[in-house]
Amino acid sequence: MRSMLLAAAIAAGLTQTVFAATVPVQAPLIARSALFGNPSQVYGTLSPDGKWLAWIAPRDGVMNIWIAPRDQPTHGKPVTAESKQPIRFYSWAPDSSAVLFSNDKDGDENYQLYKASVDGNAAVQLTSFAKTRVRTFPPSHHIKDRILIGLNNRDARWYDIYSLELKTGKLKKLFENTGDYANFILDDALVLRIAARQRKDGGADYYRMHDGKVDAKPFASVDHVDTRGTMPSGFSADGKTLYWLDSRGRDTAALFAQDTATGKTQLLAENPKADIGDVLVDPATGKVQAYAVEYLKTEWTALDPAIAPDLAFLEGKLKGNVQVTSRTQADDVWTVDVDPVSSPSSTYLYDRKAKSLTLLFVNRPELAKATLSPMYPEVIRSRDGLEQVSYLTLPPGSDTRRAGHPDRPLPMVLFVHGGPWDRDDYGYNRYHQWLANRGYAVLSVNFRGSTGFGKKYMSAGDLEWGAKMQDDLTDAVHWAIDAGVTTKDRVAIMGESYGGYATLAGLTFTPDVYACGVEVAGPTNLNTLLKAIPPYWEAIRRDLYQRVGDPETAEGRQLLHDRSPLNKADAIARPLLIGQGANDPRVTHVEADEIVAAMAAKKISVTYAVFPDEGHGFARPENNIAFNAVAEQFLGKCLGGRAEPIGDALKASTITVPHGAAFAPGLSEALAAPK
């Protein structure tokens, strides 16, 4: 009877923190700003000549690029001056004189390319085309004055290839892409060697290129089932070897080397449980020296004896996930990141000859004294026997008798990854840490369709949005209940992009499984989602139709209709919080508008937060903090966990709440407060 009354109360949006007494957390609350605000420093890399260090850090509250002499790492100065849109990635110019970065406007995904010199002069915009995306190709190790880029300014669907002189900004067209080619592979001489084109059946063909022209017939073909696991990954510096990740004739993607003269291939590495993922490449020769595989955790294996002692040294000295992030041209010094999972990540300078490590920075030093939680890998079986690699995080102090097993059941948040052709990883996860600190068990599941576990597992998700993919999540909830992690009626579902869709599907298709949901940028209508595919996704259109549903057939349109949460909105019985970027080019705000209207018409509790300066997800930390301030009040009301008061978290953001502010405690008051 208590469960029935509780479910009714949740559906009406009336519950208070009824479970607060059951949350065993002893650790102090971690401020949202420490988890979701700007890190102090991140993404440290060396220039190719080894003279400079670069990283991303706040400048006047916005993430910008900083540079320092390698021998004076504490003497960094900002070389960019972005005042609104944070810089999230950069690369070094091959001559080490500058860094290159891309940025868009308010999340519109029309990325332009910029150059910032090490001398600190104002950044220069290298491309300035309206409604255009720039893509960059890997630089040459011996051609220092130019790079190749792709521009879709002529035809928004396809990239033409240009040579860009970095000193002058001069562009020279090398290839006009009138053949609908989706991708290109170039060698270290910046010569286009391979063009890829998607077939109408969702497969892909690879063509050799000679003197800027594409051969009439492909030299390699890949069926649709293999397209996500099979692709050329690059040439050796001398152009004589082409490396492939290849799942043809096998399940998991293996690493191969192909002799470009004879076509003969050699198997270099394989793993029966997971695809070959990252590789380390010699900066001088382009030779693959080591590879990584991630099943439960990431494991590196050396192929080249010259690098084996380095990897062994790093793994012996650094406790956690180790990642080499840059190497000088001379290969004498590296930057290395280490993720200890339950403490903030750090970046080190590694001198190969001296076998010495120098700490450069900790990316979030404010978390160094916080009580963070470990992450526990779990393998959860689906109802039809698939093994789902999953990750569980528990509140500090909740598993005193047996690590990874709570002393008593806890409220739980099922946190669903996006993509869906992506995967959850073992490592520091700010959402896991935040929610665990608030008193929740947090479970993330690599449901069928997730990548990295072979083509059979990924293809098992084809045409299963809202069906077997959703069943996998339901099965994980049942596992957690049976394992004593949580109890029925105390599980929330949360996610972004596909994770947002899964949240909506969970509340519509399985309305009794979840007590409430929190979603960002989740599609509600799959037919309109596929109609709104951005033009620069044209190359993967057929792949999407094969995996989600084909809107060009009556059968496909019906499937998409049936799997769309919008068409089942009247089944929602539990509260929902929606976050949306007004400029999202992938999942347009119309998707969210429609389901909010449908729920409001049925008088179902829904809170709708819109950010006018965001796209697909939230790039600005001020907006992320604001939304999460609302989310933890919402979850606290639903499940009874702890919550940091909203306070002034909304003031620096652009949040608007066109509907349902009253359903999140303190939100109406925070919105009314003067900024």
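## Exercises on a mixed sheet

In strand S30, Leu392 is the bridge partner of Tyr376. The model is a predicted one, where local features need pLDDT of at least 70, side-chain atom pairs count only at pLDDT 80 or more, and totals for chains, interfaces and linings use all residues. Residues are numbered from 1 along each chain as its sequence is written, and side-chain values use heavy atoms, with hydrogens and water left out.

**Exercise 1.** Work out how S29 and S30 are joined.

*Solution.* Start with the terms: strands are DSSP runs of E with at least two residues, helices are runs of H or I with at least four, and both are numbered from the N terminus. Two strands pair if DSSP finds at least two bridges between them. Now look at S30 (residues 387-393): 7 bridges tie it to S29, and the two run antiparallel.

**Exercise 2.** Find which strands stand at the edges of the sheet.

*Solution.* First, write down the order: S29-S30-S32-S31-S33-S34-S35-S36-S37, an open sheet of 9 strands with mixed pairing. Next, check the ends: S29 (375-381) and S37 (656-659) each have a single partner strand, so one side of each is left without a neighbour in the sheet.

**Exercise 3.** Find which strands helix H6 lies across.

*Solution.* Pick out H6 at residues 468-482, then tick off S29, S30, S31 (412-416), S32 (441-445) and S33 (491-496). Finally, add the direction: H6 runs at about 115 degrees to S29. Such angles run from 0 to 180 degrees between N-to-C directions, with axes fitted to C-alpha atoms, for helices over the stretch in contact (heavy atoms within 4.5 Å).
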